[in-house]
Amino acid sequence: MVNPINKTIELGDGRVITIETGKLAKQADGSVTVSMGNTMLLATVTAAKDAAPGVDFMPLQVEYKEKFSAYGRFPGGFMRREGKASDYEILTSRLVDRVLRPLFPDNYHAEVYVNIILFSADGQDMPDALAGLAASAALAVSDIPFNGPISEVRVARIDGKFVINPTFAELEKADIDIMVGATLDNIMMVEGEMDEVQESDMLEAIKIAHEVIKEQCKIQFELSAACGKLEKRAYEHEVNDDELRKDVREKCYDKVYAVAVSGSSKQERAEAFRKIVEEYKAGFTEEELDEKAEMIGRYYHDVEKEAMRRAILDEGKRLDGRKTTEIRPIWCEVNYVPGPHGAAVFTRGETQSLTTVTLGTKADEKIVDDVLIHGKERFLLHYNFPPFSTGEAKASRGVGRREVGHGNLAHRALKRMIPEDYPYVIRVISDILESNGSSSMATVCAGTLALMDAGVQIRKPVSGIAMGLISENKGQNYAILSDILGDEDHLGDMDFKVTGTKDGITATQMDIKVDGLSYEILENALAQAKEGRLHILGKLKETMSEPRPDLKPHAPRIETITIGKEYIGAIIGPGGKIIQGIQEKSGAIISIEEIDGVGKVEIAGTNKASIEAALKAIRAIVAVPEVGEIYEGKISSVMPYGAFVEFMPGKDGLLHISEMDWKRLETVEQAGLKEGDSIRIKLVEIDQKTGKFKLSRKVLMPKPEGYEERPPRTERRSDDRGGRDSHRDRDNRSRRRDY
């Protein structure tokens with residue numbers, strides 16, 4: 001007997017979100033379906049009964065997966081089944097993970113798996129806006145300890161009005177597009193892109209999103225009560241020793257605090273902290289350490305966190321000696337490596353990005369074939385974070401979720417600055433060579449310089465900064481930190497990244513780890529971020545104030561022309577013969593596509609001569625023959641009655657023997673013409689019925705004095721063998737009838 005429980009949420013515009021539990025996946029600790037229109041997600045959550053030995057962190061795994069069948073499609077590839085996660089699926093998983101993770105109890109260390117599957121979609125509503133709600137609702141109907149519920153919504157500003165969870169089509173017109181995750185009381189996560197908007201506009205969008213989230217959280221409380229899941233399971237994942245905790249603090253705190261206020265470098269601090277721990281552990285036997293090492297590490301971490309926070313809140317001293325608003329020293333250099341089409345090094349303190357730009361043609365476009373998103377991308381940004389950038393001795397194991405997320409943030413920051421209809425495909429690659437605080441923001445800054453070095457005429461330079469927060473007493477006492485270090489991110493209460501031009505914000509990413517962060521603190525953080533962002537922007541302009549006026553000599557050159565769509569086939573030719581011939585002769589690369597009823601031809605080459613040769617050939621094909629125009633042609637065949645001349649690509653006409661010279665000719669050979677000869681002719685007539693072309697050479701020659709027009713000649717109809725037509729005469733007459 002199935003007795004499902006349903007709850008509904010009205011969005012206020014006629015759309016309804018339905019949450020249902022008790023029907024599907026009942027062996028999971030918690031499962032729900034979340035539906036809006038024809039879009040339906042199944043979210044399940046399972047947790048281990050106990051923590052694995054030695055685990056002192058939250059082992060949470062969030063997986064968002066889309067089924068191609070949800071939209072009635074087959075997956076691509078030979079296997080015809082879903083494979084590795086797409087970037088869209090990874091980014092959606094990260095959005096959910098970042099809101100859930102801080103809300104599990106600090107001492108809860110059992111493995112938790114959240115799976116969200118898209119089973120149905122209509123191609124209009126965006127399922128990622130429902131994923132956070134689905135995950136939280138699954139936790140709400142389980143007995144897994146969780147300090148939620150939460151929800152996430154997308155808010156967009158379209159034509160000046162804020163819209164909650166817009167459709168794909170509506171989002172294309174938005175100048176603000178952000179995802180907001182929150183609990184009933186607190187904002188936990190913000191991520192999105194904007195078209196140079198002001199800080200106040202972003203705050204307004206966050207507030208509007210939070211009001212909707214509050215209602216969705218209340219519904220989950222009702223759902224949890226209806227399922228009898230308000231009480232969560234008991235657990236005991238940590239063994240604690242209060243005496244040991246006290247001993248670690250008493251013997252280590254002053255030493256740690258002294259390092260925290262010393263203003264030393266990252267490597268010096270790490271070594272000093274390591275020595276403090278080792279000195280403390282030296283007071284224990286090996287047998288005692290086997291039992292207490294994990295607890296000592298945990299308690300020492302708490303001492304480091306407290307010392308760092310007290311140094312900032314009480315003395316205003318940061319780990320590297322800076323003031324709270326101070327930006328680390330910056331140096332930049334463009335054209336550092338000569339091979340790419342653009343390159344830049346951006347170094348801020350101990351964070352460094354070497355970023356390159358490659359310019360390509362239409363053939364280099366990225367093909368996107370996700371379940372609901374399919375098309376082509378012409379601006380790509382890839383971010384790499386090798387272990388050596390933090391001094392780690394380990395192998396690189398491919399691109400992880402972190403790389404995808406950081407690259408996506410930098411991509412959003414820069415993409416609106418690329419000119420519309422820019423002919424080149426652009427690939428930006430950021431390789432992080434050093435990292436101690438916000439390498440994604442270093443990517444944005446280095447990307448701006450590399451694009452300008454490549455001669456990409458970006459609308460405006462973009463810079464980015466990462467902000468931090470140290471707070472206590474629910475925000476009653478706090479310090480906002482500009483340009484945070486890695487340790488300040490790890491031990492602090494907020495990581496807030498903002499990118500933008502001199503005129504406004506282009507992208508943001510915010511993760512909040514504490515309760516009680518007020519909008520006043522957010523407003524102050526945004527204002528301080530703007531000051532820092534503009535400071536960094538000034539440093540970028542000192543290095544390069546505007547894009548190069550032209551591309552570098554070794555960059556590909558692209559010319560784009562539009563043609564009537566009826567000429568597309570003529571340029572391509574049968575089996576691609578014409579376009580392949582033009583490419584072979586010119587050395588250029590040509591691509592053609594029909595857009596909005598016209599043909600767009602893109603011609604790329606490594607030098608001007610190859611492009612001009614291809615352009616000349618294409619323009620000749622699409623040109624309309626005009627009576628009275630003079631052309632350079634080539635004789636394609638010779639007949640007794642004249643010659644056929646190709647005077648434009650794919651267009652030939654008859655040069656009759658009577659039009660070859662003013663004097664009377666008995667044979668074509670008397671004119672000295674043969675197949676393959678180049679000849680200058682004039683188009684004198686176009687038959688309106690047949691479209692055939694009549695050519696003349698004699699009109700381009702001086703007319704002899706006293707010349708008299710003669711009657712047209714009578715052509716012979718038979719050969720010399722008894723009056724019967726020869727095979728050649730019949731062939732000639734047949735072709736003459738065509739003209």
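Q: Two strands pair if DSSP finds at least two bridges between them. With that in hand for this predicted model, in what order do the 3 strands of the open sheet with S22 in it come?
A: We're looking at an open sheet, and its pairing is antiparallel. Reading across the 3 strands, the order is S22-S24-S23.

Q: Which strands stand at the edges of that sheet, each with a single partner strand?
A: An edge strand here has a single partner strand, so one side of it is left without a neighbour in the sheet. That description fits residues 557–564 and residues 589–595. In other words, the edges are S22 and S23.

Q: By how much are neighbouring strands of this sheet turned against each other on average, direction ignored?
A: The sheet in question is the one with the order S22-S24-S23. Leaving direction aside, the average turn between its neighbouring strands is 20°.

Q: What is the bridge partner of Ile592 in S24?
A: S23 and S24 (residues 598–605) run antiparallel, with 7 bridges joining them. Within S24, the residue that bridges to Ile592 is Val601.

Q: Moving to the open sheet of 8 strands, what is its order?
A: Pairing is antiparallel in this one. Its 8 strands line up as S8-S7-S9-S10-S21-S20-S18-S19.

Q: Which strands of that sheet stand at the edges?
A: Look for strands with a single partner strand: one side of each is then left without a neighbour in the sheet. Residues 161–164 make up one of them and residues 477–482 the other. The edge strands are therefore S8 and S19.

Q: What is the average angle by which neighbouring strands of this sheet are turned against each other, direction ignored?
A: This is the sheet that runs from S8 to S19 in its order. With direction ignored, its neighbouring strands are turned against each other by an average of 15°.

Q: In S9, which residue is the bridge partner of Glu152?
A: S7 and S9 (residues 174–183) run antiparallel and are joined by 9 bridges. For Glu152, the bridge partner in S9 is Gly181.

Q: What angle does the direction of helix H1 make with that of S10?
A: Helix H1 (residues 87–100) packs on the sheet, where it touches S7, S9, S10 and S21. Taken against S10 (187–197), its direction makes an angle of about 135°.

Q: And which strands does helix H9 touch as it packs on the sheet?
A: Helix H9 covers residues 439–453, and its direction makes about 155° with that of one strand it touches, S18. The strands in contact with it are S18 (463–472) and S20 (494–501).

Q: Is Arg154 buried or exposed?
A: Arg154 belongs to strand S7 (residues 150–158). Its side chain makes a polar contact of 2.8 Å with that of Asp128, and its contacts beyond four places in sequence include Met126, Leu171 and Asp177. Buried means under 20% relative accessible area. At 4%, Arg154 is buried.

Q: Which residue's backbone nitrogen lies 3.2 Å from a polar atom of the side chain of Ser142?
A: Ser142 is in the loop between helix H2 (128–140) and S7, and at 0% relative accessibility it counts as buried. Leaving aside neighbours within four places in sequence, its contacts are Asp29, Gly30, Val45, Lys229 and Lys232. The backbone nitrogen at 3.2 Å from its side chain belongs to Ile144.

Q: How far apart are the end C-alpha atoms of helix H6?
A: H6 has 16 residues (266–281), and at 1.5 Å a residue they should span 22 Å. The distance in the model agrees with that: it is 23 Å.

Q: Within what arc do the buried residues of H6 fall, seen down its axis?
A: The buried residues are Arg269, Phe273, Ile276, Val277 and Tyr280. They line one face of the helix, because seen down the axis of H6 they fall within an arc of 90°.

Q: Which exposed residues does the face of H6 turned away from its buried side carry?
A: On the buried side, the cover includes helices H5 (242–260), H7 (286–315) and H10 (486–491). The face turned away from there carries the exposed residues Gln267 and Glu279.

Q: The backbone nitrogen of which residue lies 2.9 Å from a polar atom of the side chain of Glu488?
A: Glu488 is in helix H10 and counts as buried at 1% relative accessibility. Residues it touches further along the sequence than four places include Met308, Arg318 and Arg322. The backbone nitrogen at 2.9 Å is that of Leu485.

Note on methods: Residues are numbered from 1 along each chain as its sequence is written. This is a predicted model: local features need pLDDT of at least 70, side-chain atom pairs count only at pLDDT 80 or more; totals for chains, interfaces and linings use all residues. Side-chain values use heavy atoms; hydrogens and water are left out. Helices (H or I, at least four residues) and strands (E, at least two) are DSSP runs, numbered from the N terminus. The expected span of a helix is 1.5 Å times one less than its number of residues. Buried means under 20% relative accessible area, exposed over 50%, partly exposed in between (1.4 Å probe, protein chains only). The arc is that of the directions from the helix axis to the C-beta atoms. Contact means heavy atoms within 4.5 Å. Axes are lines fitted to C-alpha atoms, for helices over the stretch in contact, and angles run from 0 to 180 degrees between N-to-C directions. A polar contact is a pair of N or O atoms within 3.5 Å; within protein, one must be able to donate a hydrogen and the other to accept it, and residues adjacent in sequence count only if both atoms are side-chain atoms.
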